[in-house]
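Here is a short briefing to read alongside the structure. Keep the 3D view open and find each residue as you go.

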Amino acid sequence: MTSLRAFTCDDLFRFNNINLDPLTETYGIPFYLQYLAHWPEYFIVAEAPGGELMGYIMGKAEGSVAREEWHGHVTALSVAPEFRRLGLAAKLMELLEEISEK
C-alpha cells in the first residue's frame, strides 16, 4: 500500500528515479532545502511498500499578513514514470489542498 508522508532531507538522496525523467523539472539541492525549511507541511512524498519513492509534491503558502489573504501554490508535482496512471498525482494534490485549508 502506498503511503503519503512528509518529505525528509534523506529523501533528497533517494528521489533520482523521479527527477531524472525528462518531463520533470529538476532544481538544485538548496532550492529543495529552502522549501523543506520554510514549508515542510507542503512537501509530501509518496512511498511504495518496498521503500521506493513514487512521487512528490512541493508547495508553499503565499499572501499578506496585513490583509489576511493567503493561498497555496504548487511549485512541483512529479510521479516516477513506472508509477504513473495510478492516481498518485491526484492524491498528492488532494492532500496538499487539505493541508492548505487548515
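In this predicted model, phenylalanine 15 is in contact with Phe7, Tyr32, Leu53 and Tyr56, leaving aside its neighbours within four places in sequence. Phenylalanine 15 also belongs to the largest nonpolar core, so that core is a good place to begin.

**The nonpolar core**

- The largest nonpolar core has 26 residues, and Phe7, Phe15, Tyr32, Phe43, Tyr56 and Phe83 are the ones that touch the most other members.
- At least two residues of this core come from each of these elements: helix H2 (29-38), strand E2 (43-47), strand E3 (53-64), strand E4 and helix H3 (88-101).
- Strand E3 gives the most to the core, supplying five residues.

**A network of charges**

- Seven salt bridges are found in the structure.
- One of them joins the side chains of arginine 5 and aspartate 11, at 2.8 Å from N to O.
- Aspartate 11 also forms a salt bridge with arginine 14, where the closest N and O atoms are 3.0 Å apart.
- Arginine 14 in turn meets glutamate 47 in a salt bridge between their side chains (3.3 Å, N to O).
- Which parts does this last pair tie together? Glutamate 47 lies in strand E2, while arginine 14 is in the loop between strand E1 (3-6) and helix H1 (16-19), so the pair links parts that are 33 residues apart in sequence.
- Through shared partners, salt bridges join Arg5, Asp11, Arg14 and Glu47 into one network.

**Buried or exposed in the network?**

- Aspartate 11 has a relative accessible area of 1%, so this residue counts as buried, the cut-off being under 20%.
- Glutamate 47 is buried as well, because its 15% relative accessibility is also under 20%.
- Arginine 5 is partly exposed, with 24% relative accessibility.
- Arginine 14 is partly exposed too, with a relative accessible area of 33%.

**Serine 78 and its surroundings**

- Serine 78 is found in strand E4, which covers residues 69-79.
- Is serine 78 buried or exposed? Its relative accessible area is 7%, so serine 78 is buried.
- With which side chain does the side chain of serine 78 make a polar contact? The partner is the side chain of threonine 24, at 2.7 Å.
- Leaving aside neighbours within four places in sequence, serine 78 is in contact with Ile18, Thr24, Gly55 and Tyr56.
- Tyr56 is worth finding again here: this residue contacts serine 78, and Tyr56 is also in contact with phenylalanine 15.

Notes. Residues are numbered from 1 along each chain as its sequence is written. This is a predicted model: local features need pLDDT of at least 70, side-chain atom pairs count only at pLDDT 80 or more; totals for chains, interfaces and linings use all residues. Side-chain values use heavy atoms; hydrogens and water are left out. Helices (H or I, at least four residues) and strands (E, at least two) are DSSP runs, numbered from the N terminus. Buried means under 20% relative accessible area, exposed over 50%, partly exposed in between (1.4 Å probe, protein chains only). A polar contact is a pair of N or O atoms within 3.5 Å; within protein, one must be able to donate a hydrogen and the other to accept it, and residues adjacent in sequence count only if both atoms are side-chain atoms. Contact means heavy atoms within 4.5 Å. A nonpolar core is a set of buried Ala, Val, Leu, Ile, Met, Phe, Trp, Tyr and Cys residues joined through side-chain atoms within 4.5 Å. A salt bridge is a side-chain nitrogen of Lys or Arg within 4 Å of a carboxyl oxygen of Asp or Glu.
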